[in-house]
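Trainee: I should like to go through this model and ask, term by term, what justifies each description. May we begin once the structure is shown?

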Amino acid sequence: MKMKFGTKAIHAGQEPDPSTGAIMTPIYQTSTYVQSSPGKHKGYEYARTQNPTRTALEANLAALENGKFARCFSSGMAATDTIMKLLKPGDEVVCTNDLYGGTYRLFTSVYAHYGIRFHFINMLDLQQVEKVVNDKTRMVWIETPTNPMLQIIDIKAVADIAKRHKAQTVVDNTFASPYLQNPLDLHADIVVHSLTKYIAGHSDTVMGAVITNDQETHERLAYHQNAVGAVPGPMDCFLVLRGIKTLHIRMQRHCENGAAIAKYLKEHPKVAKVHWPGFPDHQNHQVAAKQMKDFGGMVSFTLKEDKQEKAFKFLEAIKVFSLAESLGGVESLAGHPATMTHASIPAEERKKSGITDSLIRLSVGIEDIEDLLADLENALK
């Protein structure tokens, strides 16, 4: 039976516990498993390598992304780090120039020292992608919508360029979640998520995941994960599984509230520019409409007075929104990318991608929209 998304979110990878009939996947809080004879076991040997709660979550995530294989990691950055271990010195990576600050830091401060070369480019310009991708390119790294400028990159078009050069395409799908976008269906090779965000959805756990259709890639990732030990605990896996069961309904409300707030901000006299892919005049809006189900709950904007102190004053005045790192939880969050999530990116590079001193990023939650709008109105005053 081919299930639709909401049904997959609740049922994929989930079976009643065979010993008790418990409908919820148990938390297998164990470090090791008894063997009947050396090497003879029930599929589980040691919890760094595998855990039944994690197995259930991985099966669920693979189904949501229309993939065959999934691996869960201790964080989104641990997942990204393990993907980088697919490379070797001399390899080149082409990435979008607007991406999460932690990813930029890992690439430039860690893996660049191991002889891997990174090219940060404007991936909205497909001609630039064609120009930079070369025979040494082994990976193309896409984030879409991008963080924090909400740029939309044409996944299929970029992935097809990468394929001609025998490079793998990786898509960070954190901002969209599998509810809004499925990169593997658009010719991507690997999808990475910070499960901490929309997928878990309740700001109570940290985890990452990688999904692919390629068995060799999956096995290499599994080998590196087991060798290094970047694994999540069973309690965290249980929490993410529980969060996924409401992913489809939460995302619908995130999208509704995000649209209302983007439209409100666009008309506000103290706001200079609103970045939200649902606007018809947003660059690559048509691509977003084609490859996404809806436009998401992330909105960023700049103030007409482009000064850091004005942004700080706004962020100190919010009451329903909370000033905090992260995104994708049921509660609404606001942040200042230049000093928070993207502080590790040099100021010159931030400005090139549009991260100004007054840029504010909103993760719009699922509260009542009237309260969120009133909070913004008060803070903008």
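Trainee: What makes the sheet of five strands an open one with edges, and what is its order?

Mentor: The order is β8-β9-β12-β11-β10, with mixed pairing. β8 and β10 (322-323) are edge strands because each has a single partner strand, so one side of each lacks a neighbour in the sheet. Strands here are DSSP runs of E of at least two residues and helices are runs of H or I of at least four, numbered from the N terminus. This is a predicted model, in which local features need pLDDT of at least 70 and side-chain atom pairs count only at pLDDT 80 or more, while totals for chains, interfaces and linings use all residues. Residues are numbered from 1 along each chain as its sequence is written, and side-chain values use heavy atoms, with hydrogens and water left out.

Trainee: How do you know that β10 and β11 pair?

Mentor: Two strands pair if DSSP finds at least two bridges between them. β10 and β11 (residues 333-335) have two bridges, in the parallel sense. Ser 322 stands opposite Leu 333 in β11.

Trainee: Why is His 275 called buried?

Mentor: Buried means under 20% relative accessible area, exposed over 50%, and partly exposed in between (1.4 Å probe, protein chains only). The value for His 275 is 12%, so His 275 is buried. His 275 lies in strand β8 (residues 271-275). Leaving aside neighbours within four places in sequence, His 275 has contacts that include Met 149, His 282 and Phe 301; contact means heavy atoms within 4.5 Å.

Trainee: Which class of accessibility does His 187 fall into?

Mentor: His 187 has a relative accessible area of 32%, and is therefore partly exposed. His 187 lies in the loop between α7 and β6, and its phi is near 80°, a positive value in a residue other than glycine. Ser 177, in helix α7 (residues 177-180), also has a positive phi, near 70°. Ser 177 is buried, because its relative accessible area is 0%.

Trainee: What makes such phi values, and cis peptide bonds, worth listing?

Mentor: Most residues other than glycine have a negative phi, and most peptide bonds are trans. A cis bond joins Thr 144 and Pro 145, with omega about -10°. Another cis bond joins Asn 147 and Pro 148, with omega about 10°. Pro 145 is in the loop between β4 (137-143) and α6 (155-164), and Pro 148 is found in the loop between β4 and α6.

Trainee: How do you know which residues line the largest pocket, and how many are there?

Mentor: On a 1 Å grid over the protein atoms alone, a pocket is an open set of points with protein on both sides within 12 Å along at least five of seven lines, and lining residues have an atom within 4 Å of a point. The largest pocket is lined by 28 residues, and those nearest its centre include Met 77, Tyr 100 and Asn 147. The largest share of the lining, four residues, comes from α4.

Trainee: Why is the chain called as compact as a globular protein of its length?

Mentor: The radius of gyration is taken over C-alpha atoms, and the globule rule is 2.2 Å times the number of residues to the power 0.38. The chain has 14 helices and 12 strands. Its radius of gyration is 21 Å, close to the 21 Å that the rule gives for 381 residues, so the description holds. Of the 381 residues, 56% count as buried.

Key
On a 1 Å grid over the protein atoms alone, a cavity is a set of points where a 1.4 Å probe fits but cannot get out, and a pocket is an open set with protein on both sides within 12 Å along at least five of seven lines; lining residues have an atom within 4 Å of a point.
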